Amino acid sequence: MKTGNILFILIVVILTACTSKTENIELVLDTKSDLGEGAIWNNQTQKLYWVNITGKILNIYDPSSGENRELRTGQMIGTVVPTESGNVLVALEKGIYQMDISTGTKKQIIDPEETITGNRFNDGKCDPSGRFWAGTMSLSGEQKAGSLYRFDGDSTIHKMVENVSISNGIVWTSDLKRMYYIDTPTQVVMGYDYNNVSGEITNGKVAVNIPSDMGSPDGMTIDDEGNLWICLWGGSAVGCWNPQTGELIRKIEVPAKNVTSCAFGGEDLGTLYITTARQDTNDKELERFPNAGGVFKTHPGVKGVPADFFKGEL
């Protein structure tokens, strides 16, 4: 066989391996949520936490039984993170709350925007030292009305990024040196130098540009190779980018117009769970995507890293 033919076959194989087909996606929960979001895997309980923002619901899904518990939060809920105490922190419209997942009771811990009307909390996660990062956004769509906050274990809160429009995906690298963060309308992923001891971030630079014809970047997770898995609102897909080069490595199609968040789960962290939304999906699009608003899963052939829990006394 000629060298040129061999090279052509290798290119075809590589391209095929990097392209996921819709049939590899499995519907896990057909909840038809208006705005499913905030996926995070609790590796201690082997359960998936996720939220329905406008439905004001914290969901806890147990793959072993198929049960999906719904806990009513009374306010729009942006995200959830497990705590070392066994409960969770939730970011709601009116601040950060501790929630008892056995009873559903909650108490407010802090609201950094109590003097600001018209904002709510959106996405967020804990950093490797157990600090809770969560950002706000305008309920009316006002641009640059929100901020990204860091809530520490000593119950102090710090404004880390200002002039944010739609605060979304956030992750840290396993070497504890980099943080990546998405403000959706910017169409970019920002990379920061991260100090794990102090929690400070510096030298913000664009790491990834998302072409607008692919959709807008929403929730995000990171795999054990350091690549970013970014959900594409309006793009019916999850894309995988190398933040070192900005290169798109892979794209997984999802049967929903608006793909919102993702998290690696399962015993080996090899299952990618994906949340979606029915919001901003018209009747014709719903005919094409009848399970929009559901939770899906796929096995991309790579593994994630364990989610960090909140560390602190509340």
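Modeller: Two strands count as paired if DSSP finds at least two bridges between them. Keep that in mind, as this is a predicted model.

Biologist: Okay, so in what order do the strands of the sheet with S11 sit, and how do they pair?

Modeller: That sheet is open, has 4 strands and goes S11-S12-S13-S14, with antiparallel pairing.

Biologist: And which strands stand at the edges there?

Modeller: Strand S11 (119-126) and strand S14 (157-164) do; each has a single partner strand, so one side of each has no neighbour in the sheet. On average, neighbouring strands here are turned by 20° against each other, ignoring direction.

Biologist: How many bridges link S13 and S14?

Modeller: S13 (residues 146-151) pairs with S14 over 5 bridges, in the antiparallel sense. To find your place, look at phenylalanine 151, which stands opposite isoleucine 157 in S14.

Biologist: What about the sheet with S15?

Modeller: It's an open sheet of 4 strands too, in the order S15-S16-S17-S18, and the pairing is antiparallel. Strand S15 (167-172) and strand S18 (201-209) are the edges, each with a single partner strand, so each has one side left without a neighbour in the sheet. The average turn between neighbouring strands of this sheet is 25°, direction ignored. S17 (residues 188-194) is joined to S18 by 6 bridges, and aspartate 193 has threonine 202 in S18 as its bridge partner.

Biologist: Where can I see a hairpin?

Modeller: Go to S21 and S22, with 4 residues between them. Glycine 246 in the turn has a positive phi of about 80°. The strands, S21 (residues 237-242) and S22 (residues 247-253), run antiparallel and share 6 bridges; alanine 237 is partnered by glutamate 253 in S22.

Notes:
Residues numbered from 1 in each chain as written. Predicted model: local features only at pLDDT ≥ 70, side-chain atom pairs only at ≥ 80, totals over all residues. Heavy atoms only, no water. Helix = DSSP H or I, 4+ residues; strand = E, 2+ residues; numbered from the N terminus. Axes fitted to C-alpha atoms, helices over the stretch in contact; angles between N-to-C directions.
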